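Trainee: I'm new to this structure. Could you show me how its labels are earned?
Mentor: Gladly, let's take a look together.

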Amino acid sequence: MDLIAAIAAGNTPSAIGIVRVSGDGCDAACARVFRHTAGRAFGELEPRKLCFGQMLDREGRVLDQGLAVRFPAPHSYTGEDSAEFHCHGSPAVLRELLDALFSAGARQAGPGEFTKRAFLNGRMDLTQAEAVADLIHAETAAAARNAAAQLDGGLRRVLEPVQDALLDITSRFYAVVDYPDEDIEDIQPQQVAEALRSAQDSLARLLDTCRRGQVLKRGVRTAIVGLPNAGKSSLLNALVGFDRAIVTDIPGTTRDTVEESALCGGVLLRLADTAGLRETADTVEKLGVERSRNAMERADLILLVSDDAAGLGNRTQEYWEDTRRLLGEVSGTQKPWIFIASKRDLSGKTAGSLGVIGDGNWNGPAAYVSLSAVTGEGMEDLEKALAALFPPGAPEEAGSLLTDQRQEEAASRAHKAVQRALEALENGMTPDAVLTDAEEALDALGELTGRTAKEAIVSRIFSRFCVGK
């Protein structure tokens, strides 16, 4: 393939910057921009060993001092002749070095083109390529560990036995049909059924990982809801660690949703602080309340915050009616939610005073937490509740979670096709009916791993990458 080059570091000054090169004519181009201190030709440098020398601009003038390393094909990231230059991280130096490589015959690499070449050259499958992007964008240690394990082939190792079983079934069918005069052992329906059931169970277990995988990758969309002045904004500020939302004693301060991310209990929360849910004649506040309800509908988790500072006897009938209505709205979503009794520092109690309200005909909370967003009392209880609600999974599961909607959709199609094949076999249908569904399952799995993925799908995946990766 043609020669590509790109800066593999950010556009801000840093201690070290990296420029990557890959493709035909790599050694010759690099020889024009790097001068080894001992005078050795670039193509003679020891593979995979950093060598000190001078970086040259397009006119052959010394630009910087640094390190170069060459990776001969096929033992490189892309599977092609490749190289990297490690120099000082001045954006100006990096741009000049890149320009010198362009002058030597390289062109600018597109987003994710290095990894795309690794995929096209068989150095990794599509799940591993997606793991590269997930690793770059990981926001938690758990997400990074899962992406690293998937890059190491964790998901591929789960899929390979399923693909092998389906290939064995289809090849046996073809052998019997295409070579009826050969001494080929007849197909045993019981053996085929067992293989299909095993494939079905494996795919079902894989699909069960979707929720955990997507939580790891994108976090949990979380709506903080409650009546006005319940302590929602204070909770958001406590979770993110700084004053992101305005907090006052005046009800209705928050008129719009305020969004931020925070790590709590090892769970990445995509928080949305919302306007207080109450009936109001204020036009602007009405819009805020409507946005609050929309945020609740989009959320994966709801944190229902209730003011626990005032005594039971000091609360009005209107308060109880609003609280009952709000409980009904939250529980009616059929989503997991946590009841948070706020302002514990002002309540003088170690537990919330607000119990079950109304007739009890509502979906109860996943947890009940009493806390103070100001002093931090009870925040550890919220962390424990979140960790229990969104467990990280067993360490051995790392790398075998479906983290992408594309992966989930392909695995789901494979699972359904295997189910149809099994039903066709059990209902005594002709072998070609079983074969058709088994091949459809194989095609779906091939799309998942990249064996049969269409160019449009592949291009869309690599468009997520940054330039230089």
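**How the labels are earned**

Mentor: Keep in mind that this is a predicted model. Let's begin with aspartate 345, which has 32% relative accessibility and counts as partly exposed.

Trainee: Why is aspartate 345 called partly exposed?

Mentor: Partly exposed covers what lies between under 20% (buried) and over 50% (exposed). Aspartate 345 has 32%, so partly exposed is the right label. This residue is found in helix H12 (residues 344-347), and it joins Glu377, Glu380, Asp381 and Glu383 in a negative surface patch.

Trainee: Which helix gives the largest share of the negative patch?

Mentor: Helix H13 (residues 379-389) does, with three residues.

Trainee: What makes glutamate 84 and arginine 20 a salt bridge?

Mentor: The cut-off is a side-chain nitrogen of Lys or Arg within 4 Å of a carboxyl oxygen of Asp or Glu. Their N to O distance is 3.5 Å, so the pair qualifies. Glutamate 84 lies in strand S6 (residues 82-89) and arginine 20 in strand S2 (residues 14-22), so the bridge ties together parts 64 residues apart in sequence.

Trainee: How do you know whether glutamate 84 and arginine 20 are buried or exposed?

Mentor: Buried means under 20%. Glutamate 84 has a relative accessible area of 18% and arginine 20 has 9% relative accessibility, so both count as buried.

Trainee: Why is aspartate 152 called exposed?

Mentor: Exposed means over 50%, and aspartate 152 has 52% relative accessibility, so the label fits. Aspartate 152 forms a salt bridge with arginine 157, the closest N and O atoms being 3.8 Å apart.

Terms used:
Residues numbered from 1 in each chain as written. Predicted model: local features only at pLDDT ≥ 70, side-chain atom pairs only at ≥ 80, totals over all residues. Heavy atoms only, no water. Patch = residues over 30% accessible without salt bridge, like charges linked within 9 Å, V, L, I, M, F, W, Y side chains within 5 Å. Areas by Shrake-Rupley, 256 points an atom, 1.4 Å probe, with all protein chains shown as cover. Lys, Arg positive; Asp, Glu negative; His and termini not counted. Charge placed at Lys NZ, Arg CZ, Asp CG, Glu CD. Helix = DSSP H or I, 4+ residues; strand = E, 2+ residues; numbered from the N terminus. Buried < 20%, exposed > 50% of the residue type's maximum accessible area, 1.4 Å probe, protein only.
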